[in-house]
Amino acid sequence: MKSLSVSMWNIQGLNSSTFGLKSLALEFNKNLKDVDVIILQETWCKADVVTHCPTGYREVIVPSQKHSSVNRGRDSGGLIIWYKSELQNLIDPLKIGKYHIWLKLKKELVLTGKDVFLCAIYIPPSESPYYSEEIFPTLEEETCHFQAQGNVLICGDTNARTGTLPDLTSTRGDSFITGHTVSNYLNLPHRNNSDSTVNKNGRDLLQLCRSLGLYFVNGRLRGDSLGRFTYCSPLGHSTVDYMITDMDPFSLSSFTVKPLTPLSDHSQITLFLKRTDLETTTHSQPSKLYNIRNSYRWAQNSTEEYQKATWNQNIQTLLDNFLDTTFTHSKEGINLAVRNINYIFRQTAKEAQLKLIKNKTKKITDDNWFDADCKIIRKKLRTLSNQKHRDPNNGELRLHYCETLKLYKRTLRTKKAQYNSKQLTLIEESINTNNFWQNWKKLKKSKQEELAIQNGDIWTTHFKTLYNTVQIDTNAEQRQIHEKLNGLEKAIKDNQNPLDSPITDQELYKKLQALKFKKACGPDGILNEMLKLTSAKFQLAILKLFNLILSVGYFPDIWNQGLITPIFKNGDKFDPNNYRGICVNSNLGKVFCSIINVRVLNFLNKHNVLSKSQIGFIPKHRTTDHIYTLHTLIDKHVHQNNTKIYTCFIDFQKAFDSIWHTGLFYKVIESGVGGKTYDIIKSMYTGNTCSIKIGKKRTEFFNQGRGLRQGCNLSPALFNIYINELATILEKSSAPGVSLHNSEVKCLLFADDLCLLSPTAPGLQQSLDLLEQYCQTWALAVNPKKTKIMIFQRRSRSQGIRPKFSIGTKYIEYCTHYNYLGLKISSTGHLNEAVNELREKARRAFYAIKKQIQIEIPIKIWLKLIEYVIEPIALYGSEVWGPLAKQDFIKWDKHPIETLHAEFCKILLRVQRKTTNNACRAELGQYPLIIKTQKRAIKFWKHLKYSDPLSYHYQALQCQELSKEKSPLIQLVLGLSSQTCSTNTLKPQDQNIQSIRINQITTQSKQNYIAYWETQAQTQSKMQCYLALNRQYTMAKYLTMVTDQNLRKTLTKYRLSEHSLAIEKGRHRKTWLPVEERLCNHCTTAEPETELHFLTKCQKYKTIRECHFPKFEILIQGFKDLSDEDRLPILLGEDAESCGLAAHYIAACHKLRDSV
């Protein structure tokens, strides 16, 4: 008979510094393989943690708790329930508490005739601050409640030691005690328990059992008739993990206690319940999954080998044959040509000995650092665990196991640290090369979770519904568009063919050279590396293929096949709506589409087809263009003229996936694109097929009836063509727009991000009505939940009576803040909250790196990460908000972004927050971020000046130039350019764009900051010691040469005057003293305890100086003849050769001083 297995394991932390994520460990997966219901206790993790839930299981998480009286240390408790997806209709989570959860196992699942209510619970020790006297009464009350509805099964670590005391009340001779299970209890075997001790939790648990008619499964059933220990430590062993139930004993099959593993001091316990014969898979079997063509692995030496292979005689012969072959101008001829050239690519890869990536399911393997030494100790540990399990009362064996476990953990930590150290050294050595990011990704590489939904039919149904063909039967306008399209195809399609000229070798070469390496390949298995490194003759073959396709006007079948990989966003992992699909197509087909895309864009720009309000996916345009335009409008109308701007931020519902193909063809041909280029676009959408990638396999291909092709270079341009008429309708409407220089702005479009603007409420509603009519005609939908109304005005609270706005019959909500193109904008037009939000995003990114890596990263690497990962987040949109800040080093130091920068510097140096900002930046050689915001602002200003005079952002600049004194951007440019006017004869306002040298201005700004820094340092008493170092404004060399973290930290604190010497303690408000009274208490010289006195004069440290100074003399000749003032920079680590010795010297003095 089949069994239902319920397993409980106190895992003592799902994540460990020694083992990492335990759910990825070999022992973990081996123990829990094929278990139906898995209960993990004491996970010590929150609800948002990545658990790597096993494939085919559903997950329920009870987050860990943090007691208010516990300031430090880990959380307590935490539960994770995993149960097989096939049981989802038979298991229901019911109630979740702080330390427990109730699940309902329906009676169709277990052979009991009743529903079984499963309680997974963790009870803290009675002496723990997390323990509550209400735990057992609450458990008794809830158990009694569920007993009235069915049977109960309680399992968990209860920290209860019950000894051999009875858990049942005898019913013999008492006719008043009745129940359907009483007679069965009489047949229960005697409960055995290897643990004879009883504690408070044990007595309470026994009382619960006797009161409610429950019994312990431990020590009673086949598999654990002896009542084995479930916990073991060097101090002893005990039985604290239990399964307790009131079920009929005949419905229980067996119960096991597994041997210990290194992952936890608790044993895994498993109860096997007799299961009904009802088939759990009532639905039909999922459709067959198919293998995916193996892709090639590109190694370090593959470039040279592949280039040699392209000149191989066999490959040259194949290329000659391809070039000499005349392919028929038909669908069959094109597909044959593509198959032939794919074959040549595969043969070239074979000649280059490129290895294929096998599509076998990856098994969980040991980490790279887990070497033979680790495996030997692990094998010994497993042997001892089994021996101890067979002889639980052998104390010597238990101690031997615990000592071996300590050795094993110590070995793992050592091996892991050594491996990480080598990796960090490799990263640091490649910091100025292209290999840096590749090496960094290897260090932070995390194992990707497999798809929660493994049933291909579910995915196919979801994406078929998403890409379902638009039905035009009930829409007269859509039927009319369909008829118009047929007429245009017959009348003018073949006459407007400006893009059908043969593709040139220059066009092909340019696109091949622009390819990026290490990108995924499509179903044909051709990598970008294979395309970019082809020989001249190979490129001629590709060119012949491309021109054949263009001359016929048919897109090859294999290029029309896409592999969709579902990427989880948030929410329920078993809901396909919470995933977004990423489609991968042929790389060779992408090159062809990229060439066509350039031609289409040039044609659209040449004939001014696209509206000037649309700047998405258009070269030389960026998101900050529209942000700048909107900010200029707000400044002009709201802040200067004190009027209102009625705005609606539109969010389209899956706009790219909703494009109606017939409508797209109509828009393309209407825009002037016809001929064979039109035929290619039509064939790539009428014949486009997709399949879903699930692990290493895929589903059957299905037709994509709507939506744009993902990953195709043409898709952005086609989307702009499709939605362009909306902008045109809005611009030509009678609804009033917001004036901007010589223009009137009614809408701003960046791809599908639409912003409607009007100076009046009726005008905005008119635009919304036009939008609703357009969406109905062209099969688009607006997301009412994310679409918001905002009224820009001086005071956001003085809204008065707000008019109602609607799209169709649905009213739109108001908001006072909206995240527009990545920047948070308020209804007053101020960007302060946007800056604060950017600061928090950058801070989260910084700590996310720290959390993911969890090892000490060298400072040099950190500075690279901050510059290229953190700063772009913090400075996003600074072209707009940067000039609004005070362009003054003193005031900028208090700016939210600069305070964050200073915070990062102090974290890297491991000093307190009160440490001087100027000293911390100088120690790392970091300049304030105001210099970078200024550089970005000047670049943006030059970009605006070179923009199309008809564009809105150019008009915005012209509007601001009418009153330059009120334009922060123009004032910033004039102010910075004036710094370099000494080398020019022109005045700042007379300079042209070419005369403004950005790098020259940046260099001058850095020089200005250094001059400011020196002036400020002279006025700050806390900087006197740092000034005595006489150093350049670069990163201190000891930061990379002193590798011991504690030594480096101590040295840094004394360099930056962040210590407990009297000279610093006397600065504190509560202990303030004049400088001359901050005397040293450790000697009789009656001198102030400064850094100079501490390191060179104080008699307390004379012995340490006598030990270390001769060593300094060996490294630095003439050291003994130097004055104390000249010795100070050397003793503080300023000399590169002796900085390590200086760190040891200061640490020794510091330790002696703190010992008093």
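Me: What makes Phe28 and Trp82 both count as buried?

Reply: Buried is a cut-off word here: under 20% relative accessible area, with exposed over 50% and partly exposed in between (1.4 Å probe, protein chains only). Phe28 and Trp82 are both on the buried side of that scale. Before we go on, this is a predicted model, where local features need pLDDT of at least 70 and side-chain atom pairs count only at pLDDT 80 or more, while totals for chains, interfaces and linings use all residues. Residues are numbered from 1 along each chain as its sequence is written, and side-chain values use heavy atoms, leaving out hydrogens and water.

Me: How many aromatic pairs are there, and what makes two rings a pair?

Reply: The structure holds 51 of them. Phe28 and Trp82 make one that is edge-to-face, at 6.1 Å centre to centre and 80° between the planes. Phe28 belongs to helix α1 (residues 26-31) and Trp82 to strand β6 (residues 79-84), so to speak a link between distant parts of the chain, 54 residues apart. The rule takes rings of Phe, Tyr and Trp (its six-membered ring) with centres within 6.5 Å; planes under 30 degrees apart are stacked, over 60 edge-to-face, and the rest tilted. With 6.1 Å inside the distance limit and 80° over the angle limit, the label edge-to-face follows.

Me: What makes Phe889, Tyr927, Tyr1009, Tyr1012, Trp1013, Tyr1026 and Tyr1033 a cluster?

Reply: Ring pairs link these residues to one another, and that chain of pairs is what the word cluster stands for.

Me: How do you know that the charged end of Lys388 sits over the ring of Tyr401?

Reply: The test asks for NZ of Lys or CZ of Arg within 6 Å of the ring centre and within 35 degrees of the ring normal. Lys388 comes in at 5.7 Å from the centre of the Tyr401 ring and is listed as sitting over it. Arg802 does likewise with Tyr814, at 4.2 Å from the ring centre.

Me: What is a cavity here, and how many are there?

Reply: On a 1 Å grid over the protein atoms alone, a cavity is a set of points where a 1.4 Å probe fits but cannot get out, and lining residues have an atom within 4 Å of a point. Points are joined across faces, edges and corners, and the volume is the space filled by probe spheres set on them. By that rule there are eight cavities of 30 Å³ or more, and the largest holds about 110 Å³.

Me: Which residues line the largest cavity, and what makes them nonpolar, polar or charged?

Reply: The lining consists of Arg228, Phe229, Tyr231, Cys232, His237, Pro259, Leu260, Ser267, Lys388, His389 and Pro392. Ala, Val, Leu, Ile, Met, Phe, Trp, Tyr, Cys and Pro count as nonpolar, Asp, Glu, Lys and Arg as charged, and the others, Gly among them, as polar. That gives six nonpolar, three polar and two charged. Strand β12 (231-233) and helix α8 (372-390) each supply at least two of the lining residues. Domain 1 (3-274) and domain 2 (372-443) each give at least three, with bounds from an automatic or database domain assignment.

Me: What makes something a helix or a strand, and how many of each are there?

Reply: Both are DSSP runs numbered from the N terminus: helices are H or I over at least four residues, strands are E over at least two. The protein has 39 helices and 35 strands.

Me: Why is helix α29 called largely enclosed?

Reply: Nine of its 10 residues (952-961) are buried, so the rest of the structure largely encloses α29. Among them are Tyr952, His953 and Cys959.

Me: Why does Met684 count as buried?

Reply: Met684 has 0% relative accessibility, so the buried label applies. Met684 is in helix α19 (residues 675-686), and its C-alpha is 8.4 Å from that of Trp559, 125 residues away along the chain.

Me: Why are His52 and Ala779 called buried?

Reply: His52 has a relative accessible area of 13%, so it counts as buried; Ala779, at 15%, does too. His52 is in the loop between β4 (37-41) and β5 (57-62), and has a positive phi of about 55° although it is not a glycine. Ala779, also not a glycine, has a positive phi of about 60°.

How values were computed: 1 Å grid on protein atoms, 1.4 Å probe; cavity = no way out; pocket = protein on both sides within 12 Å on 5 of 7 lines; lining within 4 Å.
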